[in-house]
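Reader: I would like to learn how to read a sheet and the helices packed on it. Can we take one example step by step?

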Amino acid sequence: MQMDNKLSYILLRGGTLLIHDEHDHVIPKKSDLLIQNDRISRIDDDIQPPPGTQIIDCADSLVSPGFIDTHRHLWQSQQKGLHCDQILLDYYHSGTVKPHDVFCGVLASCMEAIDSGTTTVVDHAHVNYSSQHNEEAIRGQIASGIRSVYCYCVHPRVSTWQPELKLDHDICLDTEMNNFRKLAHEQPFGPNGRARLGFAIDTMFVQPKVLKDAFNEAREHGVHLITSHITRVSMMDNMPSAVAILNDNGLLGPDVLLSHGNNITREELQWIETAGVHLSSTPLSEVQMGHGYPICLEPDFLPLSSIGTDSNSICTSSIPAQASTALQTTRARQMAENMKNGTWDGTIGPKAEDAFNLGTILGARAISLGDEIGSLTVGKKADIVIFQGQTPTMTPASDVDPIAAIILHSSVRDVRTVIVDGVIRKENGYLCKIDIPADITENARNSSSGQKLFEWKDVAKLLRDSRLRLEAVKTTICDEDSARNGLIRSFLEAMMHANRTT
Ligand SMILES: [Zn+2]
């Protein structure tokens, strides 16, 4: 356990370490790994542990960099189970939340992510009705122990629910940014600044002047990342290109991360490459919700890409499951193209290693944390996931090809232990107890204080109570059909409005 002002050590003994070489190839190596406080301090054979070291026997285990989820809406845990037969338009209008609901949803979502081996998450946080909503979201992230980038989203608000759902067209940036400014002065958040501040804005519904002012202010405040959906779906005609809007206004840059680039053009790809922008694909939500095929494993997109889960209300939080979906859908798409054209280059298409890299080293680079996380490297943060190698699902693949074992065979059950920032958050298959901080400042208490208060079952109860309350509220404020129709009308009006005021 990590303690203040004191060195603490964890030794991972004798595991199969998945180490990236300088060309991003993964070289499995039997070795020891020593963690000192929050960082990997040594990788070597037969490391003699300093006194007081916690030793984890990894003889039958795979030791992997923790997974990085670069696009997720963390607050939506209460909506799980609602969307299994829905497309994007149905999903959009299904929630109204209070700060406490946001806390419950975010905390549960982060713990679910840790349970499946994710150690870092980018939150595209579009519930910002008050500064309490923001603070409760960040508090939930800190309490879980995950590493995060909280991207505060300026988003059109619902102005009326009756008789038809209606969104506000005019975003008053000054008002919208007030809560953001408050957060900007308080950042970083949580122990070791584990939760960073980012910014999010969904480009196509916003007038260019508002967009430019928002980007400028976010950058002036030193946000870690700016993210935007660039969704183009056939269910809403004439959606403008968010990439073109960003490019035309000179806003693309290496601090920008764009999600859902399924329908990106060659020209847009060039702009993105030139500006050093990165992309996030969310394979399972994209194939369900009508975005199209994920592009992250297409050869031209892979170097710029990363992977995310979008929402735990839509699909699994497992990054290996998302990577596996991207791998097989890309292979199927390429083979179908070959069959159509009567051609074949003799290969299967993308490799499992490429899919693994999307969730590790490429994910880290996509969010400007390539020097800190994403690989098992001495000096980097100790964000690590340990897989059991000898379960019915994993054996003997874990001995033959550890990457195949993780990407094609593993499930959440095989995630044995998860370490974030040098702190064990899941141990021998079970989530550890958490300590919920009183506030979001960098000095807020965390589970290293020794006062572990909440078990997962307590969080599950909070979540269930919150869901029941939300369900009761929802039935009083909107009708499904009128909400859907109102949403379509509002989106179309918002896009026309943004165009008119160009
Ligand atoms: Zn999204």
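Reader: How many bridges join β6 to β7, and in which sense do the two strands run?

Author: A note first: this is a predicted model. β6 and β7 are joined by 4 bridges and run parallel. One pair to look for is Arg-72 with its bridge partner in β7, Asp-123.

Reader: What is the strand order of the open sheet?

Author: Read across the sheet, from neighbour to neighbour. The open sheet has 8 strands, in the order β6-β7-β8-β11-β12-β13-β14-β15, and the pairing is parallel. At the edges are β6 (67-72) and β15 (305-307), each paired on one side only. From one strand to the next, the twist averages 25°.

Reader: Which strands does β8 pair with, and over how many bridges?

Author: Take each side in turn. β7 (residues 118-125) pairs with β8 in the parallel sense over 6 bridges. There, Val-122 has Val-149 in β8 as its bridge partner. The chain gets from β7 to β8 through helix α3 (residues 131-144), and this β-α-β crossover is right-handed. With β11 (residues 195-201), β8 shares 7 bridges, again parallel. Opposite Val-154 stands Ile-201 in β11.

Reader: Are the two faces of β8 covered or open?

Author: Check the residues on each side of the strand. In β8 (residues 147-154), 8 of the 8 residues are buried. One side carries Arg-147, Val-149, Cys-151 and Cys-153, and the other carries Ser-148, Tyr-150, Tyr-152 and Val-154. Both faces are covered.

Reader: Which strands does helix α5 lie across?

Author: Look for contacts, then for direction. Helix α5 (residues 208-220) lies across β8, β11 and β12 (226-229), and runs at about 170° to β11. Helix α9 (residues 319-341) also packs on the sheet, where it touches β6, β7, β14 (278-281) and β15. The direction of α9 makes about 130° with that of β15.

Reader: At what angle do α2 and α3 pack, and how far apart are their axes?

Author: A packed helix pair is described by two values: the angle between the axes and the distance between them. Helix α2 (residues 99-115) packs with α3 at an angle of about 25°, and their axes are 8 Å apart.

Reader: Why are α2 and α3 called roughly parallel?

Author: Angles under 35 degrees count as roughly parallel. The angle here is about 25°, so α2 and α3 are roughly parallel to each other. The crossing of α2 past α3 is right-handed.

Reader: Which residues meet between α2 and α3?

Author: On the α2 side they include Val-102, Phe-103, Val-106 and Leu-107. Among those in α3 are His-133, Glu-136, Ala-137 and Gly-140.

Methods: Residues numbered from 1 in each chain as written. Predicted model: local features only at pLDDT ≥ 70, side-chain atom pairs only at ≥ 80, totals over all residues. Buried ≥ 20, exposed ≤ 12 C-beta atoms within 10 Å, placed from the backbone. Pairing = 2+ DSSP bridges. Right-handed = clockwise from strand over helix to strand, strands pointing away. Axes fitted to C-alpha atoms, helices over the stretch in contact; angles between N-to-C directions. Contact = placed C-beta atoms within 7 Å. Parallel < 35°, antiparallel > 145°, perpendicular 65-115°, else oblique. Left-handed = near helix turned anticlockwise from the far one by under 90°.
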